[in-house]
There are 2 protein chains.
Amino acid sequence: MSNEQVVKQPRITLVGAGPGDADLITVKAVKALKTADVVLYDALVNEELLEYAPENAVKVYVGKRSGDHTYSQDTVNKLMVDYAINYGHVVRLKGGDPFVFGRGFEELEYAASFNIPAQVIAGISSSIAVPELQHIPVTHRGLSESFWVVTGTTANGQISADLYDAARSKATVVVLMGIHKLAEIATIFKNEGKGNLPVAVIQSGSTSNEKTAIGVVDTIVDLVNENNITSPALLVFGEVVSLHPQFKSIREFYDAVAAK
Amino acid sequence: MSNEQVVKQPRITLVGAGPGDADLITVKAVKALKTADVVLYDALVNEELLEYAPENAVKVYVGKRSGDHTYSQDTVNKLMVDYAINYGHVVRLKGGDPFVFGRGFEELEYAASFNIPAQVIAGISSSIAVPELQHIPVTHRGLSESFWVVTGTTANGQISADLYDAARSKATVVVLMGIHKLAEIATIFKNEGKGNLPVAVIQSGSTSNEKTAIGVVDTIVDLVNENNITSPALLVFGEVVSLHPQFKSIREFYDAVAAK
């Protein structure tokens with residue numbers, strides 16, 4: 001044993017932790033965690049992943065959930081750089097993918113402003129993977145040639161203007177951070193004459209807390225209330241949702257009503 | 001040693017292999033590969049990944065590239081089911097994510113029609129990760145509140161109608177399988193008055209063959225020709241491309257021209 005202090009080069013790796021299931025992280029991310037001196041991790045990160053980091057690595061929770069700004073982005077940025085300068089390799093572990101509404105680029109820029117080398121390791125984005133685990137493909141021949149991923153809550157707390165365009169389009173529309181505005185968002189689709197468009201709302205996708213509501217635009221708000229679905233959850237609007245096994249009975253009901 | 005034949009239960013796992021870098025596969029996918037009796041893999045899959053499978057597993061290349069239909073989807077489906085019935089666990093290893101223009105859902109349906117249990121393991125989609133590795137975020141505060149992923153080539157060989165709507169939108173537009181139609185696609189954006197919109201074209205993202213062209217709608221076709229960029233490549237249209245380090249000099253040139 002030695003008391004020598006090894007001076008480590010500061011560096012930062014932004015790492016996508018995936019949607020929740022600890023095994024939905026990449027091999028590359030695991031390798032980064034294994035060489036971490038510090039791990040700064042978010043609220044939606046599966047804490048089992050911290051076990052990949054060395055036992056003596058510093059592990060700091062910097063979670064923020066909408067409405068609960070324990071750590072501002074500024075604070076996270078500063079912590080990240082301070083730890084890198086003082087400890088060496090900082091792994092910034094973020095839910096999903098760091099560049100999908102993750103403000104990951106801002107963190108890279110902040111690191112660069114201190115000349116600290118920084119790289120990013122892509123993660124499994126819930127926008128694609130969470131519907132997928134429910135066997136809902138974001139694209140499917142004959143049903144959808146594209147998918148559009150929109151935030152339900154922009155920086156100013158409003159619904160993104162893009163959502164109005166998305167509701168008008170033929171794309172599969174995936175809304176992240178939109179569960180608290182579901183009624184408003186459903187109304188946008190209704191106003192486009194899409195009351196019968198299939199919708200899925202999936203809470204805590206890929207985890208043991210996963211809950212799903214499958215319906216159409218006109219029924220989805222009630223279904224979500226009945227099933228007590230809350231944040232974190234994503235919304236999928238599109239004909240591809242009709243491929244979900246639960247949708248068959250809904251379609252039969254609509255067909256029966258239409259035949260009357 | 002024994003000659004006993006172990007009768008294995010047929011099952012199928014669709015696995016996303018990620019964009020090319022062998023380490024951009026998930027831990028869950030590696031676990032699936034380790035229990036594979038057969039691996040059916042596509043053209044864009046990194047062959048290093050086959051080493052995760054047991055040595056005596058059957059490894060079958062079922063690649064098809066656009067225009068080279070060595071294996072039709074029907075053939076792949078049939079092979080997958082035949083191998084599952086005769087060998088046990090088939091891992092169907094697909095580039096990127098199986099549900100992003102991967103026809104993965106069709107393979108799940110085919111397996112289900114034979115009552116063979118099938119699951120899907122999400123992969124890192126090049127649509128998000130390939131721009132990300134170039135430090136281009138698909139979303140960024142103040143620049144983009146959404147991203148829209150469109151295929152450049154639909155089942156009938158035409159440009160998707162969705163691309164016309166996408167060109168009109170404020171979303172970051174990512175086009176997969178569009179490099180052969182780049183001139184046509186650029187014209188769609190020009191017709192929307194977006195000649196100055198930043199564009200990135202990235203070939204073989206995340207691999208050692210990666211090549212990039214960064215420009216604007218008006219210049220991108222020439223840049224791609226000069227740099228001999230070919231398939232597989234993806235296109236990114238949007239203000240977020242201006243965050244790429246190479247874009248700075250382009251912006252300065254435009255500003256200088258505008259100041260004259």
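**Close-up views of a predicted two-chain model**

Of the 260 residues that make up chain A, 56% count as buried. The model is predicted, and the legends below describe an overview of chain A followed by selected sites.

**Figure 1. Overview of chain A, with its 8 helices and 10 strands.** Taken along the principal axes, the C-alpha atoms of chain A fill a box of roughly 85 × 35 × 35 Å. Among the contacts in chain A with a separation of 6 or more, 66% are between residues 24 or more positions apart. The chain exposes about 11500 Å², and carbon and sulfur atoms supply 48% of that area. Chain A carries 22 positive and 29 negative side chains. The centres of these two sets of charges lie 2 Å apart.

**Figure 2. A tryptophan pair, A:Trp148 and B:Trp148, that joins two chains.** Over all chains, the count of aromatic pairs comes to 11. In the pair shown here, the ring centres of A:Trp148 and B:Trp148 are 4.0 Å apart and the ring planes are at 10 degrees, so the pair is stacked. A:Trp148 belongs to strand 6 (residues 146-151) of chain A, and B:Trp148 belongs to strand 6 (residues 146-151) of chain B, so the contact between these rings links two chains. A:Trp148 is buried, as its relative accessible area is 1%. B:Trp148 also counts as buried, at 1% relative accessibility.

**Figure 3. The stacked rings of A:Phe189 and A:Phe237.** The centres of the two rings lie 4.0 Å apart and their planes are at 5 degrees, so this pair is stacked. The pair links distant parts of the chain, with A:Phe189 in helix 6 (residues 182-190) of chain A and A:Phe237 in strand 10 (residues 233-237) of chain A. The two residues are 48 residues apart. Both A:Phe189 and A:Phe237 are buried.

**Figure 4. Surroundings of B:His89 in strand 4 of chain B.** B:His89 is found in the strand that covers residues 89-94. B:His89 has a relative accessible area of 3% and is therefore buried. The side chain of B:His89 reaches the backbone oxygen of B:Thr35 at 3.0 Å. Not counting residues up to four places away in sequence, B:His89 touches B:Gln9, B:Arg11 and B:Thr13, together with B:Ala32, B:Thr35, B:Ala36, B:Asp37 and B:Val38.

**Figure 5. B:Glu106 and its contacts with residues of chains A and B.** B:Glu106 is located in helix 3 (residues 104-113) of chain B. With a relative accessible area of 17%, B:Glu106 is buried, because the cut-off for burial is under 20%. The side chain of B:Glu106 makes a polar contact with the side chain of B:Arg103, at 2.9 Å. Leaving aside neighbours within four places in sequence, B:Glu106 is in contact with A:His140 and A:Arg141 of chain A and with B:Gln73 of chain B.

**Figure 6. Helix 4 of chain B, largely enclosed by the rest of the structure.** This helix covers residues 126-133, and 6 of its 8 residues are buried, so it is largely enclosed. The buried residues of helix 4 of chain B are B:Ser127, B:Ile128, B:Ala129, B:Val130, B:Pro131 and B:Glu132. Just after the helix, B:His135 takes a positive phi of about 60 degrees.

Technical notes. Residues are numbered from 1 along each chain as its sequence is written. Chains are lettered from A and ligands numbered from 1 in the order in which they are written. This is a predicted model: local features need pLDDT of at least 70, side-chain atom pairs count only at pLDDT 80 or more; totals for chains, interfaces and linings use all residues. Side-chain values use heavy atoms; hydrogens and water are left out. Helices (H or I, at least four residues) and strands (E, at least two) are DSSP runs, numbered from the N terminus. Buried means under 20% relative accessible area, exposed over 50%, partly exposed in between (1.4 Å probe, protein chains only). A polar contact is a pair of N or O atoms within 3.5 Å; within protein, one must be able to donate a hydrogen and the other to accept it, and residues adjacent in sequence count only if both atoms are side-chain atoms. Contact means heavy atoms within 4.5 Å. Rings of Phe, Tyr and Trp (its six-membered ring) pair if their centres lie within 6.5 Å; planes under 30 degrees apart count as stacked, over 60 as edge-to-face and the rest as tilted. Accessible areas come from the Shrake-Rupley method with a 1.4 Å probe; for residues, only the protein chains shown count as cover. Lys and Arg count as positive and Asp and Glu as negative; His and the chain ends are not counted. The place of a charge is taken as NZ of Lys, CZ of Arg, CG of Asp or CD of Glu.
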